[in-house]
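Here are my comments on the model you sent, set out as numbered points. I have kept to the strands and to the enclosed space inside the fold, and I would suggest reading the points with the structure open beside them.

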Amino acid sequence: MIHLGADDLAALLTPAAAAEALAAVLREGLDPERCPARSNVPVPAGELLIMPAASATYAGVKIAGVAPANPGRGLPRITGSFLLLDGPTLLPLALLDAAALTTVRTAAVSALAIDALAEPDAARLVLFGAGPQAYAHLESALNTRELTHVTVVSRTGGAAERLVTYARELGLEARDGEPSDVSCADLVICCTTAHEPLFDGRRIPGHATVVAVGSHQPAVRETDSELVRRSSVWVEARTAALREAGDLLVPLAEGVIGEGHIAGTLADLVRGKAKAPGDRPRFFKSVGMAWEDLAVAAAVHRASSPVRAVPVGAEVRGPEPPDGGR
């Protein structure tokens with residue numbers, strides 16, 4: 001069994017390749033609505049997230065720890081591992097760093113949404129947050145649109161300055177800013193640990209796209225009800241969103257929207273079965289799903305060797321199983 005850390009993931013899989021791994025499983029018929037729900041287990045330090053997924057070729061489970069106090073100790077907020085298994089035998093193939101995998105696959109999901117929803121000439125990004133997800137999302141956004149400006153909004157001044165410097169190194173005009181800067185944005189990405197809305201949804205221009213990935217709890221949200229009311233809303237899966245997405249569940253509870261307000265899913269967009277209207281903001285809400293972890297982990301494993309690794313304890317007999325990680 002091989003062990004793959006953050007550096008390995010970065011070396012083996014580009015942001016574009018990660019996005020294509022997700023798009024491929026959707027194009028080939030995966031139904032996210034039928035995927036297992038995440039288990040949230042409260043523990044003294046925070047919570048454990050248990051996320052299983054399986055296909056004919058691969059299976060896997062992510063056990064991630066969320067420890068809110070860790071950043072104050074100089075430690076990562078997200079910990080844990082993803083165990084990748086051979087689908088037919090369920091023998092171990094690889095152990096991946098959960099935080100790194102989560103960062104890569106979340107940004108890849110957002111890249112697919114941005115590619116489908118954002119205006120072709122979107123150039124001005126407002127990015128909320130300055131942690132690992134912010135860096136990954138900046139790179140994914142750059143892979144899908146020709147950005148020229150980025151404004152970083154973060155509660156942590158030093159972290160914001162470092163991200164601004166990084167964005168300038170990528171050739172962007174970059175600065176730190178305020179929530180009101182969304183009024184000039186073509187694209188807004190929210191990847192924070194905020195529990196309350198980050199900005200006034202009335203300020204979002206009608207042509208803009210908003211992507212929110214920071215929350216997966218029913219009472220926690222990064223966007224307000226007014227943005228949701230105004231927008232064409234898209235999600236990974238209706239079942240997951242209506243179970244976990246506070247950005248949608250709070251306005252639902254308030255009576256601002258109904259369940260029918262969700263216009264469509266990521267699968268609809270990738271398969272070309274739906275197109276977002278251009279007369280209002282577009283809002284994509286991601287909560288993170290286990291099938292995404294499995295698709296990206298499988299792509300990393302395939303890229304780790306030209307010849308597929310043999311499961312621990314197994315013996316090679318006959319031709320390799322068909323590739324695909326589905």
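**Notes on the sheet and the cavity**

1. In this predicted model, a hairpin of three residues connects strand S3 to strand S4. S3 covers residues 46-54, and its pairing with S4 is antiparallel, with eight bridges between the two strands. For orientation within this pair, Met51 can be found opposite Lys62 in S4.

2. On S4 there is a further pairing to consider, since this strand is also joined to strand S5 (residues 78-86) by nine bridges, and here too the strands run antiparallel. A convenient landmark in this second pairing is Ala59, whose bridge partner in S5 is Leu85.

3. Is strand S4 enclosed or open to its surroundings? Of the nine residues in S4 (residues 58-66), seven are buried, so the strand is largely enclosed by the rest of the structure. Buried is taken here as under 20% relative accessible area. As background, side chains in a regular strand alternate between the two faces of the sheet.

4. Strand S2 pairs with S3 in the antiparallel sense, over five bridges, and within this pairing Val43 lies opposite Gly46 in S3.

5. Taken as a whole, the sheet is open and has six strands in the order S1-S6-S5-S4-S3-S2, and its pairing is mixed. The edges are held by strand S1 (2-4) and strand S2 (39-43), and each of these has a single partner strand, so one side of each is left without a neighbour in the sheet. Neighbouring strands of this sheet are turned against each other by 15° on average, when direction is ignored.

6. How many cavities of 30 Å³ or more does a search of the whole structure find? The search finds one, and the volume of this largest cavity is about 50 Å³.

7. The residues that line the largest cavity are Pro36, Ala37, Arg38, Met51, Ala240, Arg243, Glu244, Gly288, Met289 and Ala290. Helix H7 (residues 238-244) supplies the largest share of this lining, with three residues. Sorted by class, the lining has six nonpolar residues, one polar residue and three charged residues.

8. One residue links the two parts of this note: Met51, which stands opposite Lys62 in the pairing of S3 with S4, is also among the residues that line the largest cavity. When checking the model, a reader could therefore begin at the S3 to S4 hairpin of three residues and, since S3 spans residues 46-54, follow that strand to Met51 and the cavity lining.

How values were computed. Residues are numbered from 1 along each chain as its sequence is written. This is a predicted model: local features need pLDDT of at least 70, side-chain atom pairs count only at pLDDT 80 or more; totals for chains, interfaces and linings use all residues. Side-chain values use heavy atoms; hydrogens and water are left out. On a 1 Å grid over the protein atoms alone, a cavity is a set of points where a 1.4 Å probe fits but cannot get out, and a pocket is an open set with protein on both sides within 12 Å along at least five of seven lines; lining residues have an atom within 4 Å of a point. Grid points are joined across faces, edges and corners, and a volume is the space filled by probe spheres set on the points. Helices (H or I, at least four residues) and strands (E, at least two) are DSSP runs, numbered from the N terminus. Ala, Val, Leu, Ile, Met, Phe, Trp, Tyr, Cys and Pro count as nonpolar, Asp, Glu, Lys and Arg as charged, and the others, Gly among them, as polar. Buried means under 20% relative accessible area, exposed over 50%, partly exposed in between (1.4 Å probe, protein chains only). Two strands pair if DSSP finds at least two bridges between them. Axes are lines fitted to C-alpha atoms, for helices over the stretch in contact, and angles run from 0 to 180 degrees between N-to-C directions.
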